[in-house]
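User: I am new to this structure and should like to learn how to read its features one at a time. Could you guide me, giving the general idea before the particular case?

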Amino acid sequence: MGETFNSLFRCVSSCPERDLFATGSGCGTIYVFDSRSRNNPISHYRPHTRYVSRLAMNTEYILSISEDSTMSVWDQRAGRTMKSITFSDVTPHTVPRCINMRRDLVFVGTVTWAICSSKLHVLNPKDDFKIVKSYSTKHTDIITGVHLTHGCLITSSRDGTVKISSLTDLSKPIATLRTEIRHILNMDYRNDTLAVSGDGIEVWCPKLTCSTKQQ
């Protein structure tokens, strides 16, 4: 049986290629663990002043977003924070809410609380994680999830919908899935299966849709 590390973890991401996983805590600290060793972290750092809401991890970087309006880029090889991006510098009172990283692209969904609107930002990891483009989403409430797959981008929102867009034009969704969940809080996509959760769980497969909703 594994040991329990005494901290409030808000999110987790893994890097199977290196047998590592990272967790984000309520105090803004990132803990990195090696799955081959005991459950004590092999390293930790604190890039945020508020809780860590989401993580994305690969063999090179750990990306974290926080309620302090920033995204931190941790260089795993150098063992240091490479960059910190403040989204409220782009639009005041803007907080990153979701993140997805691939080798050549990073997508970050943000919400501007003052006007309750969401934007999707595209960053280039090969050019110092600079913001390449920003799009307004077609969701009517805040964005809660983003995932890149098969040349398409999938986004979820608290408005209860999932939108699928082509990478050639992210501003125009090519399909919209309407779920029975009133407020989607999390979304994931693996092996052609889409799962969303909020006041219940709904799973979309190529030929099957399952829903488990709280009464």
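**Reading the features**

User: Let us begin with accessibility. Is E60 buried, partly exposed or exposed?

Analyst: E60 is partly exposed, with a relative accessible area of 24%. A residue is called buried under 20% and exposed over 50%, so the 24% of E60 places this residue in the class between them. Please keep in mind that the structure is a predicted model.

User: How many salt bridges does a search of the whole structure find?

Analyst: The search finds 10 salt bridges. One of them joins the side chains of D34 and R36, with a distance of 2.9 Å from N to O. The two partners differ in accessibility: R36 is exposed at 60%, whereas D34 is buried at 14%.

User: Which parts of the chain does the pair of R103 and E60 link?

Analyst: This pair links distant parts of the chain, its two residues being 43 residues apart. R103 belongs to the loop between strand 9 (94-101) and strand 10 (106-112), while E60 belongs to the loop between strand 5 and strand 6. R103 is partly exposed, with a relative accessible area of 47%. The closest N and O atoms of this salt bridge are 2.7 Å apart.

User: Which residues are linked in a network of salt bridges?

Analyst: The network consists of D19, D34 and R36. Another salt bridge is that of R190 with D188, where the closest N and O atoms are 2.9 Å apart. D188 is partly exposed, at 35% relative accessibility.

User: I should now like to consider the domains. Which domains does the assignment give?

Analyst: The assignment gives domain 1, residues 1-81, and domain 2, residues 87-214. Their centres, taken over C-alpha atoms, are separated by 22 Å. In the contact between them, 17 residues of domain 1 meet 17 residues of domain 2.

User: How is the size of such an interface expressed, and what is the area buried between domain 1 and domain 2?

Analyst: The size of an interface is often given as the accessible area lost when the parts come together. Between domain 1 and domain 2 the buried area is about 1,400 Å², and carbon and sulfur atoms give 61% of this area. On the side of domain 1, R54, S69 and M71 supply 38% of the area buried against domain 2, more than any other three residues.

User: How many salt bridges and polar contacts are found between domain 1 and domain 2?

Analyst: The interface has 2 salt bridges by the rule applied. The count of residue pairs in polar contact between the two domains is 7, with both residues at pLDDT 80 or more. As for the secondary structure, strand 5 (52-57), strand 6 (61-66) and strand 7 (70-75) each supply at least two residues of the side of domain 1 that touches domain 2. Strand 5 gives the most to that side, with 5 residues.

User: How many disulfides does the structure hold?

Analyst: A disulfide is a covalent bond between the sulfur atoms of two cysteines. The structure holds 0 disulfides. C15 is in no disulfide, and the nearest cysteine sulfur, that of C11, lies 16 Å away. C98 is likewise in no disulfide, with the sulfur of C11 again the nearest cysteine sulfur, at 13 Å. The cut-off for a disulfide is 2.5 Å. Both residues are in the buried class: C15 has a relative accessible area of 1%, and C98 has 0%.

User: My last topic is backbone angles. What is phi of D128, and where is this residue placed?

Analyst: Phi of D128 is near 60 degrees, a positive value in a residue other than glycine. D128 is placed in the loop between strand 11 (117-124) and strand 12 (130-136). With a relative accessible area of 36%, D128 is partly exposed.

User: And is F129 buried or exposed?

Analyst: F129 is buried, at 1% relative accessibility. F129 is also found in the loop between strand 11 and strand 12. F129 is not a glycine, yet its phi is positive, at about 55 degrees.

Conventions:
Residues are numbered from 1 along each chain as its sequence is written. This is a predicted model: local features need pLDDT of at least 70, side-chain atom pairs count only at pLDDT 80 or more; totals for chains, interfaces and linings use all residues. Side-chain values use heavy atoms; hydrogens and water are left out. Buried means under 20% relative accessible area, exposed over 50%, partly exposed in between (1.4 Å probe, protein chains only). Domain bounds come from an automatic or database domain assignment. Contact means heavy atoms within 4.5 Å. Buried area is the accessible area (1.4 Å probe) that two parts lose on being put together, summed over both. A salt bridge is a side-chain nitrogen of Lys or Arg within 4 Å of a carboxyl oxygen of Asp or Glu. A polar contact is a pair of N or O atoms within 3.5 Å; within protein, one must be able to donate a hydrogen and the other to accept it, and residues adjacent in sequence count only if both atoms are side-chain atoms. Helices (H or I, at least four residues) and strands (E, at least two) are DSSP runs, numbered from the N terminus.
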